[in-house]
Amino acid sequence: MRIDAVTLFPEWLLEIERYGVVGRGLREQRLSLAAWNPRDYTDHPTRRVDDRPYGGGPGMVMQSAPLVATLDAIAAQRGDNERAPVLLMSPQGERFDQRWAERLAVGPGFIVVCGRYEGIDQRFIDTHVDAEISAGDMVLSGGELPAMMIIDAVARLVSGVLGDDRSAAEDSFANAILDHPHYTRPPSDTVGDVPEVLLSGDHARIERWREKQALGRTWLRRPDLLDEIDLSARQRTLLAEFVAEYGREPQDK
Ligand code: 9D3
């Protein structure tokens, strides 16, 4: 899969090549990542890519022409049969989630455009952008971190890091509900004790406890996720047990 990023800070974005699953995907040639600086595609003598907003107001606006020229250069190098979507990182965008990652992971790759300044000329968005994507409701200073977030989420799906189909399926279910708590050695410490069931060696009991904790935590912290899925009879029983026990004894017993 080929990913292109348009950014005024290409060196920063390419840092992700050096770490983790993105780095591994690149080394194993399942992925390729290129960063493009619109300053290299402006005919302006001082390489400027922004100007003052029509209508007045604070801040500067990214101009269309350098962005269009950058996308043209990318298209020339990609030469896609299946055209890769152009995604604009934007606070006005649709919230990125695992469904987005899964959709992008099965495609021919994508082109992320990172905004800076107060905004981007709307005519570029209208004519060259397929989707606007947001990282969530917080104010960032630009689209680079959201772009790295998207690249990471997609790269781990295509990089083979999941190992086998079983973990891929687990991954996608893990997206629908929250994870259970994790513990490791030592069994007892100043921070407390590991729940007895995890030391029991009884794998059926352990699995049942984990599933119950996962459902219970989702019910407590992210009830919106439970509205989206159909629970099995077993899961409904486990959640009912959790709800009945909740508040009557320590949660991790
Ligand atoms: C304080 C500036 N805001 C005035 C109403 C508008 C604004 C302009 C540009 C806010 C943020 C930005 C830069 N942010 C992004 O480019 C961005 C972003 C974000 O800020 N939050 C969540 N996701 C994203 S994706 C791109």
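## Two crossing helices

The axes of helix α9 (residues 203-221) and helix α11 (residues 233-245) cross at roughly 70° and come within 9 Å. Here axes are lines fitted to C-alpha atoms, for helices over the stretch in contact, and angles run from 0 to 180 degrees between N-to-C directions. The crossing angle makes α9 roughly perpendicular to α11 (angles under 35 degrees count as roughly parallel, over 145 as roughly antiparallel, 65 to 115 as roughly perpendicular and the rest as oblique). On the α9 side, the residues that make the contact include Glu207, Arg208, Glu211, Leu215 and Trp219. On the α11 side, they include Arg234, Leu238, Phe242 and Glu245. Contact means heavy atoms within 4.5 Å. The crossing of α9 and α11 is right-handed (the near helix is turned clockwise from the far one by less than a right angle; anticlockwise would be left-handed).

Serine 232 lies in the loop between α10 (223-227) and α11. With a relative accessible area of 33%, serine 232 is partly exposed (buried means under 20% relative accessible area, exposed over 50%, partly exposed in between, with a 1.4 Å probe and protein chains only). The C-alpha atoms of serine 232 and proline 58 are separated by 54 Å, and the two residues are 174 apart along the chain.

## About the model

This is a predicted model, in which local features need pLDDT of at least 70 and side-chain atom pairs count only at pLDDT 80 or more, while totals for chains, interfaces and linings use all residues. Residues are numbered from 1 along each chain as its sequence is written, and side-chain values use heavy atoms, with hydrogens and water left out. Helices (H or I, at least four residues) and strands (E, at least two) are DSSP runs, numbered from the N terminus.

## Helix α4

Helix α4 covers residues 98-105, and its buried residues are Trp100, Ala101, Leu104 and Ala105. Seen down the axis of α4, these buried residues fall within an arc of 130°, so they line one face of the helix. The arc is that of the directions from the helix axis to the C-beta atoms. An α-helix has 3.6 residues a turn, so residues three or four places apart point the same way.

The buried residues of α4 pack against strands β5 (86-95), β6 (109-114) and β8 (131-134), and against helix α6 (144-158). At the N-terminal end of α4, aspartate 97 acts as a cap: one of its side-chain oxygens lies 3.2 Å from the backbone nitrogen of arginine 99.

## Helix α2 and the loop after it

In α2 (20-27), the buried residues are Val21, Val22, Gly23, Gly25 and Leu26. The elements that cover them include β2 and α6.

Just after α2, glutamine 29 takes a positive phi of about 60°, although glutamine 29 is not a glycine. This residue lies in the loop between α2 and β2 (32-36). Glutamine 29 is exposed, with a relative accessible area of 70%.

## Other backbone features

Arginine 47 is another residue other than glycine with a positive phi, near 60°. It lies in the loop between β2 and β3 (50-51) and is partly exposed, at 39% relative accessibility.

The peptide bond from arginine 185 to proline 186 is cis, with omega near 5°. Proline 186 sits in the loop between α7 (165-176) and β9 (188-189).

## Three buried residues

Threonine 70 lies in helix α3 (residues 64-78) and is buried, at 0% relative accessibility. Not counting residues up to four places away in sequence, threonine 70 touches Val6, Trp36, Pro38 and Tyr41. Serine 90, in strand β5, is buried with a relative accessible area of 8%. The side chains of serine 90 and glutamate 132 are joined by a polar contact of 3.1 Å. A polar contact is a pair of N or O atoms within 3.5 Å; within protein, one must be able to donate a hydrogen and the other to accept it, and residues adjacent in sequence count only if both atoms are side-chain atoms.

Arginine 116 is found in the loop between β6 and β7 (119-120) and counts as buried, at 15% relative accessibility. Its side chain reaches the backbone oxygen of serine 141 at 3.4 Å. A polar contact of 2.9 Å joins the side chains of arginine 116 and glutamate 144. Leaving out residues up to four places away in sequence, the residues that arginine 116 touches include Leu8, Phe9, Trp12 and Met62.
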